[in-house]
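Visitor: Could you walk me through a few of the labels people put on a model like this?

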Amino acid sequence: MHPGSPGTRSAAAGSFAGRLLAWWDVHGRKNLPWQRERTPYRVWVAEIMLQQTQVSTVVPYFERFIARFPDVESLARAGLDEVLHLWSGLGYYARARNLHRAARLVVLDHGGSLPADVADIRRLPGVGRSTAAAIAAQSHGRRAAILDANVKRVLARRHRVAGAASSAATRDALWRLAESHTPAERVADYTQAIMDLGATVCRRTRPRCPDCPVRAGCQAHAAGDPERYPEPAPRRKRRLERSRFFVVVDPDGACLVEQRPPDGIWGGLWSPPERAAGESVSGFLEQAGIAGRLVGEVRKAGVFRHGFTHFDLDVEPVYVRLRARPAAVRKDVGRWIDPGDHRLGLSTVAARLVGVTALFDAPKSGA
Ligand code: SF4
């Protein structure tokens, strides 16, 4: 192998990696909860949570999750509802479903130890090329290049890589650069260092170039146009959807929720029943098997908008207070939960809807 080819690149003082590591030794983040006790399981959970989510948001979720599921066995044994409950509010719930499925596979197929090989890690549900590399590098010290959003930004600017980062050609070019810069030594620190540089110095807007350890070779800095890179993906028109949510509350303040299908938006989470916009109260009650005579009061609340990655959802809440809880509701409609006293996963929208059932100032039982 010639110097600089994969596996031989060192973190020599003047190299990209060397300068980055020297900077990280002084300025890098070293006290994140998953760094304090860097086990493969903790690194894995952190890397999944960090996909599409900022460090500051992840930290409290990570700490709660690890307190409840300290190892892969406890996660594998848990029910999906509890896993989703601890994920509630973090978004992108397919990550939690995949993490749970993967934990069971690790226990069944790998004796409870996360594999060390990048290709084996990548076979786990929800783990892509960059995440597998980050886990292998940080927990096993394997030389493996990562390319998350922060790294894409740093490399696209430093090398003035044209084209949207989402295009295959640009992504391939960035992967080649990521591979070429990843050192054979201190790879765990390097992985953290380049992520830190992107998050704290080479920021999306107003990059702090004067403080940057790799500015000497940075083409975008030299050209004075770092914010042009990476080029944004062509804008897709956002679609707007609208749904009606029936927030049915019994005399004790318990709320009727149904489980969403396992895949898709909010897959596996629980929510007040969602129906087509404009669905009538009587139509919903009939479909749910709730007799109209049980209804005490109906209130429509203001519509609010919730944004997803590619579309917006206008939420029409309809609050229905019952005089008595029906003996049963149709099986496909769901179950009752006491607000704040449940162990189910709720989306942010569901939590907001359930949380305002106090609108009725529901009396306690016996009243
Ligand atoms: S010099 Fe500026 S644009 Fe270049 S990598 Fe550093 S912070 Fe980013």
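Guide: Sure, here come some labels and the cut-offs behind them. This is a predicted model, where local features need pLDDT of at least 70, side-chain atom pairs count only at pLDDT 80 or more, and totals for chains, interfaces and linings use all residues. Residues are numbered from 1 along each chain as its sequence is written, and side-chain values use heavy atoms, leaving out hydrogens and water.

Visitor: Why is cysteine 202 called buried?

Guide: Buried means under 20% relative accessible area, exposed over 50%, partly exposed in between (1.4 Å probe, protein chains only). Cysteine 202 has 11% relative accessibility, so it counts as buried.

Visitor: And what makes cysteine 209 buried?

Guide: Cysteine 209 comes out at 15% relative accessibility, so that one counts as buried too.

Visitor: How many disulfides does the structure hold?

Guide: It holds 0 disulfides; the label calls for a pair of cysteine sulfur atoms within 2.5 Å.

Visitor: Which way do the side chains point along strand S6?

Guide: They alternate along S6 (residues 304-307): Phe304 and His306 face one way and are buried, while Arg305 and Gly307 face the other and are not. Strands here are DSSP runs (E, at least two residues), numbered from the N terminus.

Visitor: How do you know that S6 and strand S7 pair?

Guide: Pairing takes at least two bridges found by DSSP. S6 and S7 (residues 311-322) are antiparallel and joined by 4 bridges, so they pair by that rule. One bridge matches phenylalanine 304 with valine 315 in S7, and the two strands form a hairpin with 3 residues between them.
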